[in-house]
Amino acid sequence: MHSDCERILFSEEQIRARVAEVASEVDKRYVGKTPLCVGILKGGIIFYSDFIRHLTSPVELDFMAVSSYGGGAVSSGKLKIRKDLDKDVKGRDVIIIEDIIDSGFTLANLKRLLLERGANSVLIVTLLNKKGRRSYDISPDFNCFDIENEFVIGYGLDYNERYRSLPYIGVLKRSVYEK
Ligand code: PRP
């Protein structure tokens with residue numbers, strides 16, 4: 001375990017098993033369809049690449065980068081798009097694949113945006129859900145793990161851009177971000 005990690009929340013094996021389980025459930029919804037898998041950079045990227053490899057339907061891949069400046073409970077800000085999709089979502093069945101839902105600001109706005117652009121359907125799949133932190137009326141359609149309000153790192157998740165490549169999900173030591 002990394003020395004900045006207080007403890008491991010989910011091991012590589014636990015993540016692998018749960019991602020496969022959730023992906024196979026999602027897969028059943030897309031028989032005969034070609035969903036557009038939208039990954040949200042950067043945190044969601046490791047989950048995304050593992051998740052899509054369990055889908056048996058043909059898929060198309062695309063990515064967005066958005067800001068979460070408005071992610072606080074009192075925010076009424078608009079979602080800031082730093083990198084937009086290449087594809088037109090009109091008429092498409094979209095699967096948004098995201099690492100974490102916290103306040104819900106990002107996913108509530110993203111879902112609304114993609115529906116406004118004419119997506120036929122938008123399904124939200126998350127790796128982690130901080131249920132207790134929700135300020136916006138949105139829930140993932142599928143989620144791998146519920147977590148408490150802890151500072152999590154690894155498997156795509158960062159602190160100041162570090163730790164994304166850890167293969168497990170861990171809790172960051174307070175001493176790292178409080179110093
Ligand atoms: C994280 C995460 C979501 C958002 C969730 O992104 O990937 O996009 O925050 O928070 P919310 O539910 O309160 O909107 P972050 O800004 O950390 O960017 P990153 O994915 O590039 O690390």
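## Where H1 meets H2

Val19, Val22, Ala23 and Val26 in helix H1 meet Phe47, Asp50 and Phe51 in helix H2, where contact means heavy atoms within 4.5 Å. Sorted by class, the contact of H1 with H2 has 6 nonpolar, no polar and 1 charged residues. For that tally, Ala, Val, Leu, Ile, Met, Phe, Trp, Tyr, Cys and Pro count as nonpolar, Asp, Glu, Lys and Arg as charged, and the others, Gly among them, as polar. Helices here are DSSP runs of H or I with at least four residues, strands are runs of E with at least two, and both are numbered from the N terminus.

This is a predicted model, in which local features need pLDDT of at least 70 and side-chain atom pairs count only at pLDDT 80 or more, while totals for chains, interfaces and linings use all residues. Residues are numbered from 1 along each chain as its sequence is written, and side-chain values use heavy atoms, with hydrogens and water left out.

## How the two helices cross

Two packed helices are described by the angle between their axes and the distance between the axes. H1 covers residues 12–28 and H2 covers residues 45–52; they pack at an angle of about 60°, with their axes 9 Å apart. That makes H1 oblique to H2: angles under 35 degrees count as roughly parallel, over 145 as roughly antiparallel, 65 to 115 as roughly perpendicular, and the rest as oblique. The axes are lines fitted to C-alpha atoms, for helices over the stretch in contact, and angles run from 0 to 180 degrees between N-to-C directions.

The crossing of H1 past H2 is right-handed, a label used when the near helix is turned clockwise from the far one by less than a right angle, with anticlockwise being left-handed.

## Salt bridges

Side chains of opposite charge can pair when their charged atoms come close. There are 18 salt bridges in the structure, each one a side-chain nitrogen of Lys or Arg within 4 Å of a carboxyl oxygen of Asp or Glu. One of them joins the side chains of Asp50 and Arg53 at 2.8 Å, N to O. Asp50, which also takes part in the helix contact, is partly exposed at 26% relative accessibility, and Arg53 is exposed at 60%. On this scale, buried means under 20% relative accessible area, exposed means over 50%, and partly exposed is in between (1.4 Å probe, protein chains only).

Glu60 and Arg92 also pair up, at 3.0 Å from N to O. This salt bridge links distant parts of the chain, 32 residues apart: Glu60 sits in strand S3 (residues 60–67), and Arg92 is in the loop between strand S4 (80–83) and strand S5 (93–101). Glu60 is partly exposed at 28%, whereas Arg92 is buried at 16%.

## A network around Lys42

Lys42, Asp158, Glu161 and Arg164 are tied together in a network of salt bridges. Within that group, Arg164 bridges to Asp158, with the closest N and O atoms 3.5 Å apart. Arg164 is buried at 19%, and Asp158 is partly exposed at 23%.

Lys42 lies in the loop between strand S2 (36–41) and H2, and the peptide bond leading into it from Leu41 is cis, with omega near -5°. Glu161 has a backbone quirk too: its phi is positive, about 70°, although it is not a glycine. Glu161 is found in the loop between S8 and S9 and is partly exposed at 45%. Tyr155 is in the loop between strand S8 (152–153) and strand S9 (169–172), and has a positive phi near 50°. Tyr155 is buried, with 6% relative accessibility.

## Two buried strand residues

Glu98 is in strand S5 and counts as buried at 6% relative accessibility. Leaving out residues up to four places away in sequence, Glu98 touches Ile40, Gly44, Phe47, Thr106, Leu107, Val125, Thr126 and Leu127. Phe47 is also one of the H2 residues that meet H1. From Glu98 to Lys42 is 9.2 Å, C-alpha to C-alpha, with the pair 56 residues apart in sequence.

Ser67, in strand S3, is buried at 4%. Not counting residues up to four places away, Ser67 touches Leu79, Lys80, Arg82 and Phe105. Lys78 lies in the loop between S3 and S4 and is exposed at 71%. Lys78 and Phe105 are 27 residues apart in sequence, and their C-alpha atoms are 9.1 Å apart in space.
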